[in-house]
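The following exercises concern a predicted model. Each task is followed by a solution that proceeds step by step.

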Amino acid sequence: MVVTETQSFRGTWLMYLVILLELPGLVLISTFYYLDQLGDDGWIPLLIMIAVIGGTFLLIASLKLETRMDRYSFSYRNPPFVASWRKLNPEEITSIQVEKKDGILDHGGYGIRFGRKKTGYIYFANHLIRVVTQKKTLEFTTRKPEEFQKMITQWNTENS
């Protein structure tokens with residue numbers, strides 16, 4: 001049995017929120033440019049603003065969290081930040097569990113939380129897979145808590 005899941009921000013309200021927050025700045029810079037209030041080099045701030053908005057939009061659109069669990073390992077990747085698969089064997093994992101958590105209230109919002117002892121990949125889901133190793137605690141949101149819980153139970157019976 002293999003459990004795989006892919007979560008992304010694409011098509012969510014967050015992308016539209018970013019556009020709505022950055023659009024007034026683009027309109028303001030464009031207005032100043034067309035009214036000749038930015039001087040001879042006014043096209044530079046306009047291009048910078050367009051590049052920032054486009055880059056932010058593309059970054060959010062390309063973010064996705066992929067988790068995979070089989071009887072031999074737990075793997076994850078989070079392109080573009082963690083582009084290659086990171087694999088954890090059952091021997092490396094001290095504990096693994098599925099919990100019901102809310103991303104906004106429990107983790108301060110959606111996104112990636114990097115820390116020295118704890119890293120969280122928080123997307124739009126109400127359940128969390130907490131993987132504790134000797135070095136670090138990793139947290140991944142999931143929309144398939146039952147499937148991951150079945151795999152965890154299978155791991156525990158095989159390793160007992």
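**Exercise 1. The faces of strand 1**

Determine which residues of strand 1 belong to its covered face and which to its uncovered face.

*Solution.* Step 1: the covered face of strand 1 consists of Val3, Glu5 and Gln7. Step 2: Thr4, Thr6 and Ser8 make up the uncovered face. Step 3: a helix can then be placed relative to the strand, since helix 4 (residues 145-159) lies across strand 1, strand 2, strand 3 and strand 4. Helix 4 runs at about 35° to strand 2.

**Exercise 2. The sheet**

Establish the order of the strands in the open sheet and the sense of their pairing.

*Solution.* Step 1: the open sheet is formed by 4 strands in the order 1-2-3-4, with antiparallel pairing. Step 2: strand 1 (3-8) and strand 4 are the edge strands, each pairing on one side only. Step 3: on average, and with direction ignored, neighbouring strands of this sheet are turned by 10° against each other. Step 4: strand 1 and strand 2 are paired in the antiparallel sense through 6 bridges, and Ser8 stands opposite Lys64 in strand 2. Step 5: strand 2 (residues 64-69) is joined to strand 3 (residues 74-78) by 4 bridges, again antiparallel. Here Met69 stands opposite Phe74 in strand 3.

**Exercise 3. The environment of Pro90**

Locate Pro90, decide whether Pro90 is buried or exposed, and list its contacts beyond four places in sequence.

*Solution.* Step 1: Pro90 is found in the loop between strand 4 (82-88) and strand 5 (93-100). Step 2: the relative accessible area of Pro90 is 14%; the cut-off for a buried residue is under 20%, so Pro90 is classed as buried. Step 3: leaving aside residues up to four places away in sequence, Pro90 touches Arg71, Tyr72, Ser73, Trp155 and Asn159. Step 4: for one of these partners, Arg71, the C-alpha atom is separated from that of Pro90 by 8.5 Å, although the two residues are 19 residues apart along the chain.

**Exercise 4. The largest pocket**

State the volume of the largest pocket, name its lining residues and sort the lining by class.

*Solution.* Step 1: the volume of the largest pocket is about 170 Å³. Step 2: its lining comprises Tyr76, Leu88, Glu92, Thr133, Gln134, Lys135, Lys136 and Leu138. Step 3: sorted by class, the lining contains 3 nonpolar, 2 polar and 3 charged residues.

Note on methods
Residues are numbered from 1 along each chain as its sequence is written. This is a predicted model: local features need pLDDT of at least 70, side-chain atom pairs count only at pLDDT 80 or more; totals for chains, interfaces and linings use all residues. Side-chain values use heavy atoms; hydrogens and water are left out. Helices (H or I, at least four residues) and strands (E, at least two) are DSSP runs, numbered from the N terminus. Buried means under 20% relative accessible area, exposed over 50%, partly exposed in between (1.4 Å probe, protein chains only). Contact means heavy atoms within 4.5 Å. Two strands pair if DSSP finds at least two bridges between them. Axes are lines fitted to C-alpha atoms, for helices over the stretch in contact, and angles run from 0 to 180 degrees between N-to-C directions. On a 1 Å grid over the protein atoms alone, a cavity is a set of points where a 1.4 Å probe fits but cannot get out, and a pocket is an open set with protein on both sides within 12 Å along at least five of seven lines; lining residues have an atom within 4 Å of a point. Grid points are joined across faces, edges and corners, and a volume is the space filled by probe spheres set on the points. Ala, Val, Leu, Ile, Met, Phe, Trp, Tyr, Cys and Pro count as nonpolar, Asp, Glu, Lys and Arg as charged, and the others, Gly among them, as polar.
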